[in-house]
Amino acid sequence: MPKITIDGNELEVAEGRTILQALDDAGLLMNGIDIPHYCWHPKLPVDGSCRLCQVEVEGIPKLQIACDTPVRDGMVVHTQNERVKQAREGVMELLLVNHPLDCPICDQAGECKLQDYTYDYGVQASRSKEPRRALKKNVDLGPTIVFDQERCILCRRCVRFCREIPKTGELAIFNRGDHSVIETFPGTPLDNPYSMNVADICPVGALTTKDFRFKIRVWFLEDVPGICTGCSNGCNIHLGVANNKVYRYVPRRNDAVNDTWICDAGRMSYRRIGAPDRLRECAVRDESGRLEPVGLDRAIEVAASRLRRLVDSKGPGVIAGLASAHATNEDLFTFRRFLAALGSETHGVAVVRGEADDLLIKEEKAPNAVGARELGFGDARTVVDRIGSGGVDAVIALGNDALQEGLLGSEEPLANLDTVIVLDTHASELQRVAHVIVPVRHAAEKLGTFVNAARRVQRVVPAVESVWETYSDGEVIAKLGAALGLEGFDGSYDARQVARDLAAANPAFAGIDLDSVGDAGRPLADSAASKAER
Amino acid sequence: MLESPYVTQYLTEHFAEADYPTLKGYERFGGYAAARKALTEMTPDEVIEVVKTAGLQGRGGAGFPAGMKWSFMPKEDDRPKYLVCNADESEPGSFKDRILLERGAHQMLEGILIAAWATGACATFIYIRGEYAFPAAQVERAVAEAYAKGYLGDNVMGTGFRHDVRVTRGAGAYICGEETGLLESLEGKKGQPRKKPPFPAQYGAFGMPTTVNNVETFSHVPHIIAKGANWFRSFGTEKSPGTTIFGVSGHVVRPGLYELPLGTPLSEIVFEHAGGVPGGRKVKGVIPGGMSMPILPAGQLDVPMANEFLREQKTMLGTGGVMVMDETTCMVRAASVISYFFRDESCGQCTQCREGTGWMNKIIERIERGAGEEADIEVLGDVAGKMEAKTICAFADAAAWPIQGLLRHFRDDFVEHVRQRKCPFPGSFEL
């Protein structure tokens with residue numbers, strides 16, 4: 001492995017990497033060794049056009065661009081000397097010659113690389129007295145993105161993104177020289193399943209999303225690491241949180257999962273967190289058939305007494321569990337333990353399926369389908385079949401994914417059951433047949449782990465707290481278990497402890513707890529369930 | 001015989017012959033004997049060796065040794081190899097390739113064939129400037145003749161060597177004369193230079209090993225093969241052998257093309273061959289090698305026209321386009337024209353070039369119309385310095401150098417504009 005020296009620090013690097021890649025690999029880029037850059041992006045082809053990343057390489061007379069200079073053994077690189085500093089100042093000054101400098105009204109302010117680098121590497125005052133380019137403002141590029149041509153610094157990240165990642169190529173540079181502009185081709189709007197990533201990679205305020213722009217200044221946002229729950233890919237995200245509200249999802253880099261991208265559908269799924277159809281209170285169906293709002297204790301009491309009556313009269317075999325692939329491993333482990341303690345053997349997980357692609361979007365539209373199966377939940381089909389054959393009198397349903405065509409199809413098959421207990425985040429047709437309803441937390445509101453399609457265990461932490469009372473599925477199940485007097489249930493639920501119990505009980509999760517899993521996740525060990533699945 | 005203003009050496013010797021552009025006419029003067037000699041009597045390495053010994057420098061502007069360029073083509077490589085003939089002559093002040101295409105298309109084709117043999121290339125793309133309609137027609141006819149005669153195709157001259165030639169046309173961008181910008185354009189993409197490495201010899205046209213040479217460079221090759229390296233070295237200087245065609249334009253009595261040995265003093269070209277400035281006026285400055293080369297003031301015209309001497313005067317031979325400006329010329333106006341051209345033609349990839357060409361042009365135009373300040377002159381020089389040597393291709397240099405040259409030698413013109421708040425040279429050339 002070649003050894004290089006950057007600013008006096010010796011670094012061992014992989015063969016065939018460029019200087020910027022080597023620093024990125026080592027986690028040092030802009031994190032110890034600062035080489036500012038615009039056109040270079042770790043997940044896009046090298047462009048080499050912004051010329052900001054120039055560094056001095058001993059033995060080469062001209063400054064070299066770090067993004068396109070391969071490392072050689074013994075290479076000595078200087079990134080902070082006077083010559084490099086002047087070159088950077090030169091590029092920064094030129095980039096600002098035509099920039100409108102409208103930071104006060106620009107939505108990118110606060111996370112703008114032009115702003116940041118101007119403070120860090122630029123010159124204090126512009127010497128340009130010339131009129132700036134007057135170009136198009138507020139250009140509607142497509143359903144998701146708005147473009148300000150004047151702010152664009154023509155780094156071409158967005159052009160390369162569209163060409164290389166979704167491979168749709170909607171964007172191109174038109175004209176040349178200082179009249180170059182980015183445009184779409186006539187009749188071909190920027191419209192692909194990943195279009196909004198261009199706003200993330202745009203270093204300036206040229207490309208912004210219609211969804212987020214002007215909603216809040218970014219410096220008010222706290223970035224909470226989390227996982228997108230839109231499908232089983234489990235893209236790593238930052239939830240942008242302020243005032244106990246999630247304003248956006250942006251992709252969080254994880255080279256093992258989603259690189260630096262996220263699909264538009266996943267990005268927009270943040271809206272589900274505070275959606276008007278969120279369930280806000282516990283309810284039980286009274287004798288007149290109306291749903292009556294109650295407290296959690298009352299809901300648990302009603303659920304427990306209905307289940308107890310069935311167990312006493314018909315045995316636990318008539319109680320079925322429908323698990324949700326939106327629930328965490330900790331929820332599901334608790335649920336599975338509950339069903340076992342109760343003596344129910346009819347259970348399964350319902351997963352909504354949809355379109356997939358070969359980039360990020362997976363077929364299973366829930367974050368934890370693999371985890372649910374790993375924890376012993378089979379196909380919900382078996383539960384539905386048993387309901388159809390009349391062998392079930394009570395259903396405990398986590399979520400409402402079993403309503404889909406091919407499983408229940410509607411709430412109808414449950415209409416004549418003795419007891420339907422629903423734990424859900426959002427309203428659904430299940431409300432029409434439920435006897436007990438408990439609102440539960442969205443992934444953005446709780447602590448726990450999911451297992452993605454590539455069998456990676458990933459953590460969510462509470463980013464916001466709902467203003468109404470909600471509970472983790474596991475917490476509700478634990479209370480229900482205690483109310484039923486089941487063995488091993490004392491009514492308490494602590495996700496951290498459950499994760500440790502899970503690790504001890506299931507070899508695939510061995511050694512994984514809510515701390516050690518970290519923000520980047522950890523691969524799940526192979527297990528009987530995973531081998532059977534393959 | 002056509003009337004010829006040319007001072008003819010071997011390249012243009014027969015250009016006045018009416019039938020010389022045809023295959024029959026070309027062969028009448030010994031055409032294609034050199035190619036036959038190379039293909040039947042010489043190994044590719046021997047050809048490269050002769051061209052190296054001859055010291056033929058590329059005539060496209062950069063002056064890179066042609067034989068060495070050919071030797072960069074990978075030998076152990078199964079991919080098809082290509083040659084590209086750069087006929088996208090678009091440097092303002094340069095018009096030598098045009099005559100070589102119009103009157104010497106077979107001479108160029110013979111050079112291409114020899115280079116193809118030397119490099120193992122199976123095909124050549126001749127990329128001709130879009131505006132060159134007549135030259136392109138001449139080349140297309142010559143190619144058709146060569147195919148008909150068996151000088152191109154599957155079995156060149158019965159040797160079993162295969163070589164195809166395809167003529168393509170540019171669409172009017174200066175930057176497509178830069179070799180990798182040309183390759184992009186050739187492939188049907190937007191003409192933007194590629195970053196190097198990889199160089200064309202590794203990754204050229206359509207990703208294949210490629211050598212790009214200028215029209216004139218190819219045109220010298222048959223003569224070198226026919227008459228030998230030592231004969232070639234009898235022209236020009238020790239370091240810059242051979243002749244070149246100087247295109248003289250501007251304020252001279254006899255503008256035109258002059259084939260002269262490299263190293264001919266600039267003053268001889270301007271005053272003897274081109275007849276000096278009309279009307280008894282004095283020379284103010286001369287751009288020696290196309291618009292991208294820094295200007296020389298009247299006092300430095302004794303310089304021999306070869307890179308080793310021109311570099312000492314901080315300029316270069318470029319494409320040999322000699323532009324003469326007399327004492328009535330406003331050098332700020334010249335700077336304005338030059339900077340407008342480069343602003344318009346920059347491909348816009350690199351920050352320094354894209355923003356720098358525009359900024360320089362805006363400053364110069366402001367000074368020209370009398371709205372400049374002395375500080376602007378400093379900024380102008382500084383912007384030019386920021387552009388130099390920091391970009392993907394040499395365009396930014398080409399845009400910065402002439403402005404630096406004008407500031408170096410004619411700073412007073414800029415200062416006078418600022419002080420008088422108007423142009424002190426009324427009646428200076430208009431476009």
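Student: What distance separates the centres of domain 1 of chain A and domain 2 of chain A?
Tutor: This is a predicted model in which local features need pLDDT of at least 70 and side-chain atom pairs count only at pLDDT 80 or more, while totals for chains, interfaces and linings use all residues. Residues are numbered from 1 along each chain as its sequence is written, and chains are lettered from A and ligands numbered from 1 in the order in which they are written. The domain bounds, which come from an automatic or database domain assignment, give domain 1 as 3-80 and domain 2 as 130-272 in chain A. Taken over C-alpha atoms, the centres of domain 1 and domain 2 of chain A are separated by 26 Å.

Student: How many residues of domain 2 of chain A are in contact with domain 1 of chain A?
Tutor: Two residues are in contact if their C-beta atoms, placed from the backbone, lie within 7 Å. On the side of domain 1 of chain A, ten residues take part, and their partners in domain 2 of chain A number eleven.

Student: Which element gives the largest share of the side of chain B that touches chain A?
Tutor: Across this interface, 25 residues of chain B are in contact with 24 residues of chain A. The elements of chain B that give two or more residues to it are helix H13 (331-345), helix H14 (351-368) and helix H15 (374-387), where helices are DSSP runs of H or I with at least four residues, numbered from the N terminus. The largest share, ten residues, comes from H14(B).

Student: Is Thr119(B) buried or exposed?
Tutor: Thr119(B) is found in helix H6 (residues 105-119) of chain B, and, leaving aside neighbours within four places in sequence, Thr119(B) is in contact with Trp70(B), Met73(B), Lys81(B), Leu83(B) and Thr211(B). A residue is buried if 20 or more other C-beta atoms, placed from the backbone, lie within 10 Å of its own, exposed if 12 or fewer, and partly exposed in between. Because Thr119(B) has 25 other C-beta atoms within 10 Å, Thr119(B) is buried.

Student: Which strands are the edge strands of the open sheet E21-E22-E23 in chain A?
Tutor: Three strands form this sheet in the order E21-E22-E23, with antiparallel pairing; strands are DSSP runs of E with at least two residues, and two strands pair if DSSP finds at least two bridges between them. Strand E22 (residues 456-460) of chain A is joined to E23(A) by two bridges, and Arg456(A) stands opposite Pro523(A) in E23(A). The strands that pair on one side only, and so form the edges by DSSP pairing, are E21 (448-451) and E23 (522-523) of chain A.
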